[in-house]
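Thanks, everyone, for making the time; I would like to talk through the aromatic side chains of this protein, and then say a little about its surface. Please have the structure open as we go.

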Amino acid sequence: MVVTSIGEEDQAQNTPEYDRKSELKAFDDSKAGVKGLVDAGVTKIPHIFIHEKSQFNDISTTGSVASKFSVPVIDLEGIHGSPAQRTEIIEKIRDACEKWGFFQVVNHGIPMFVMDDMIDGVRRFHEQDAEVKKGFYSRDVTRKFIYNSNFDLYQSPAANWRDTIACVMAPQPPDPQELPAVCRDMLLLATLDMEKTISYDNHKWKESQWSDLKLPYIPGQDNPEAFGKCIQPSKTRFSEHGAVDLDMF
């Protein structure tokens, strides 16, 4: 089913004909993700991606409201210096995690070419042959590498317009053969650079119970005209293309 207006959208989601569970399952079983919808030429947002209008009204991005918020910035310069400097940086990270859940890192020491290759590697994975990509589609969190769309697809009130690949890097890095050939070198190189940056003497990294590198991908964003027509930003949500999430426990 497709929608043509806000009114029709609300009506459709509240009628017996709209079977959200079946639509979610059909989307998940396709293993094609949001990229598959874009490749199929979708021009209207499927109902499962439509957020209630009130959710957008609650979060204003204009005027004085936006000026009250800023993403925490963590400067890693000095992380390998004195114990006092390291403790101060760790406390800032802890504070950002507890109060915000995310933060921006600067002076991390990871070369720009590595970061650029990470973005290119994500694009290469998602833009490869669909049948090859489907082999990695999974919701099994025990796998070292997985690809899917929306980790909370069946729990959230509405899905976000993005696909994601995730790779578990610690305490044991994945076997290279477990990684997709199209982005294998990128993931291994990124892992090595992050290990050098995050670990003090390599022990903290190796002793991490679990660390997960998440790399989101927003299909169609490189084509602004098609992207704008397809995703209808006033109705759905997505994460920043090229953003990197690193979860450590």
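Let me begin with a group of rings: F125, F136, Y137, F145 and Y147 together form one aromatic cluster. Please keep in mind throughout that this is a predicted model.

Within that group, Y137 and Y147 make an aromatic pair, with 5.1 Å from centre to centre and 85° between the planes, and this arrangement is edge-to-face. Y137 sits in the loop between α8 (130-134) and β3, while Y147 belongs to strand β3 itself, so the pair ties together parts that are ten residues apart in sequence. As for their surroundings, Y137 and Y147 are both buried.

How many aromatic pairs are there in total? The count comes to eight, taking ring centres within 6.5 Å as the criterion. Another of these is formed by F49 and W161, whose ring centres are 5.1 Å apart and whose planes meet at 70°, so this pair, too, is edge-to-face. Here F49 comes from the loop between α3 (33-39) and α4 (53-57), and W161 from the loop between β3 (145-148) and β4 (163-170), so the contact ties together parts that lie 112 residues apart in sequence. Both F49 and W161 are buried.

Turning finally to the surface, V71, W100 and F102 make a nonpolar patch of about 280 Å². V71 is located in the loop between α5 (63-67) and β1 (73-75). Is V71 buried, exposed or partly exposed? Its relative accessible area is 41%, so V71 counts as partly exposed.

Technical notes. Residues are numbered from 1 along each chain as its sequence is written. This is a predicted model: local features need pLDDT of at least 70, side-chain atom pairs count only at pLDDT 80 or more; totals for chains, interfaces and linings use all residues. Side-chain values use heavy atoms; hydrogens and water are left out. Rings of Phe, Tyr and Trp (its six-membered ring) pair if their centres lie within 6.5 Å; planes under 30 degrees apart count as stacked, over 60 as edge-to-face and the rest as tilted. Helices (H or I, at least four residues) and strands (E, at least two) are DSSP runs, numbered from the N terminus. Buried means under 20% relative accessible area, exposed over 50%, partly exposed in between (1.4 Å probe, protein chains only). Patches are made of residues with over 30% relative accessible area and no salt bridge: like charges are joined within 9 Å, nonpolar side chains (Val, Leu, Ile, Met, Phe, Trp, Tyr) within 5 Å. Accessible areas come from the Shrake-Rupley method with a 1.4 Å probe; for residues, only the protein chains shown count as cover. A salt bridge is a side-chain nitrogen of Lys or Arg within 4 Å of a carboxyl oxygen of Asp or Glu.
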